Amino acid sequence: MKVIAINGSPKKEGNTYHAIQLVAEELKNENIEVEIIHVGNQVIRGCLACNACMKNKDGKCIIDNDPVNEVIQKMKEADGILLGSPVHYAAVSGTMKSFLDRAFYAGSGLFRHKVGAAVVAVRRSGGVPTFNQLNNFINYAEMAMPSSNYWNVIHGGAPGEVLQDEEGKQIMRVLGKNMAWLMKTIENGKQAIPAPEREPKTYMSFIRK
Ligand SMILES: Cc1cc2nc3c(=O)[nH]c(=O)nc-3n(C[C@H](O)[C@H](O)[C@H](O)COP(=O)(O)O)c2cc1C
């Protein structure tokens with residue numbers, strides 16, 4: 001089994017990377033492969049809201065000159081997806097937001113029933129709203145979400161400082177163990193308990209005549 005971990009920090013080996021690594025170590029202990037993809041340092045523009053992906057239904061974004069489509073493919077092939085972001089102004093980093101909007105809009109149906117979790121690195125404040133923001137993508141895609149023993153936020157400013165946050169490190173470890181367990185449980189139960197069929201989406205704009 002394999003997990004694709006998305007690092008949404010502009011820094012390659014900053015605190016988000018360390019948060020992901022702490023989860024990854026537990027996954028690897030359970031023989032789950034982890035590939036970290038660094039998107040936070042890429043040039044990724046925001047969604048055009050052109051709805052071409054909805055019309056084409058090919059799991060691709062019409063913007064094809066950046067890493068988004070390639071990463072959607074890798075996420076499609078994985079059993080689990082781990083989203084990591086630093087907190088920028090009490091929210092996910094700008095590049096991560098552009099990536100997630102496009103990857104989940106174009107690829108949403110492809111991630112259904114995979115296991116998905118999020119981790120956040122923050123110096124002081126804004127961790128939980130950012131965690132919630134990441135979880136919104138996972139929930140909308142009908143993914144299965146493992147939890148930890150607190151919200152998945154680790155604290156530190158300078159790169160590597162999160163490794164002094166003992167409680168944060170425990171949160172990441174527990175998340176990694178729970179994620180591995182959920183992945184294996186779903187994998188082993190697939191044959192015995194088939195997944196529910198996907199319902200076509202009902203859209204309402206709350207306009208009454
Ligand atoms: C543009 C920007 C905005 C930030 N906003 C916040 C914030 O709202 N709250 C906070 O506590 N830290 C904030 N920080 C600090 C980072 O969240 C913190 O240093 C984090 O550990 C960085 O993770 P990284 O090393 O993976 O990039 C901000 C940093 C940057 C560069």
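The following exercises, each with a worked solution, concern a predicted model of a protein with a bound ligand.

**Exercise 1. The shell around the ligand**

Task: Determine how many residues surround the ligand and how they divide into nonpolar, polar and charged.

Solution. Begin with the count: the ligand is surrounded by 17 residues. The closest of these are Ser-9, Thr-16, Arg-124, Ser-125 and Gly-156. Next, sort the shell by residue class: six residues are nonpolar, eight are polar and three are charged. Finally, consult the secondary structure: helix H1 (15-29) and strand E4 (115-122) each contribute at least two residues to the shell.

**Exercise 2. Backbone contacts to the ligand**

Task: Identify which polar backbone atoms of Asn-15, Ser-125 and Gly-156 lie opposite which type of ligand atom, and state what portion of the ligand the protein buries.

Solution. Take the oxygen atoms of the ligand before the nitrogen. A polar backbone atom of Asn-15 is 2.8 Å from a ligand oxygen. For Gly-156, the distance from a polar backbone atom to a ligand oxygen is 2.7 Å. Turning to nitrogen, a ligand nitrogen atom lies 2.7 Å from a backbone N or O atom of Ser-125. Each of these distances can be compared with the cut-off of 3.5 Å for a polar contact. As to burial, the ligand taken alone exposes 650 Å², and the protein buries 74% of that area.

**Exercise 3. The sheet and the helix packed on it**

Task: Establish the order of the strands, name the edge strands, and describe how helix H6 is placed.

Solution. First, read the order across the sheet: E2-E1-E3-E4-E5, an open arrangement of five strands with parallel pairing. The strands that pair on one side only are E2 (33-38) and E5 (153-155), which are the edges. From one strand to the next, the twist averages 20°. Second, examine one pair: strand E1 (residues 2-7) is joined to E2 by six bridges in the parallel sense. Asn-7 is found opposite His-38 of E2. Third, add the helix: H6 (residues 166-189) packs on the sheet and touches E1, strand E3 (80-86), E4 and E5. The direction of H6 makes about 170° with that of E4.

**Exercise 4. The position of Gly-160**

Task: Locate Gly-160 in the secondary structure and find which residues beyond its sequence neighbours it contacts.

Solution. Gly-160 belongs to the loop between E5 and H6. When neighbours within four places in sequence are set aside, Gly-160 is in contact with Asn-15 and His-18. For Arg-102, the separation from Gly-160 is 58 residues in sequence and 30 Å in space, C-alpha to C-alpha.

How values were computed:
Residues are numbered from 1 along each chain as its sequence is written. This is a predicted model: local features need pLDDT of at least 70, side-chain atom pairs count only at pLDDT 80 or more; totals for chains, interfaces and linings use all residues. Side-chain values use heavy atoms; hydrogens and water are left out. A residue is near a molecule or strand if one of its heavy atoms lies within 4 Å of it. A polar contact is a pair of N or O atoms within 3.5 Å; within protein, one must be able to donate a hydrogen and the other to accept it, and residues adjacent in sequence count only if both atoms are side-chain atoms. Accessible areas come from the Shrake-Rupley method with a 1.4 Å probe; for residues, only the protein chains shown count as cover. Helices (H or I, at least four residues) and strands (E, at least two) are DSSP runs, numbered from the N terminus. Ala, Val, Leu, Ile, Met, Phe, Trp, Tyr, Cys and Pro count as nonpolar, Asp, Glu, Lys and Arg as charged, and the others, Gly among them, as polar. Two strands pair if DSSP finds at least two bridges between them. Axes are lines fitted to C-alpha atoms, for helices over the stretch in contact, and angles run from 0 to 180 degrees between N-to-C directions. Contact means heavy atoms within 4.5 Å.
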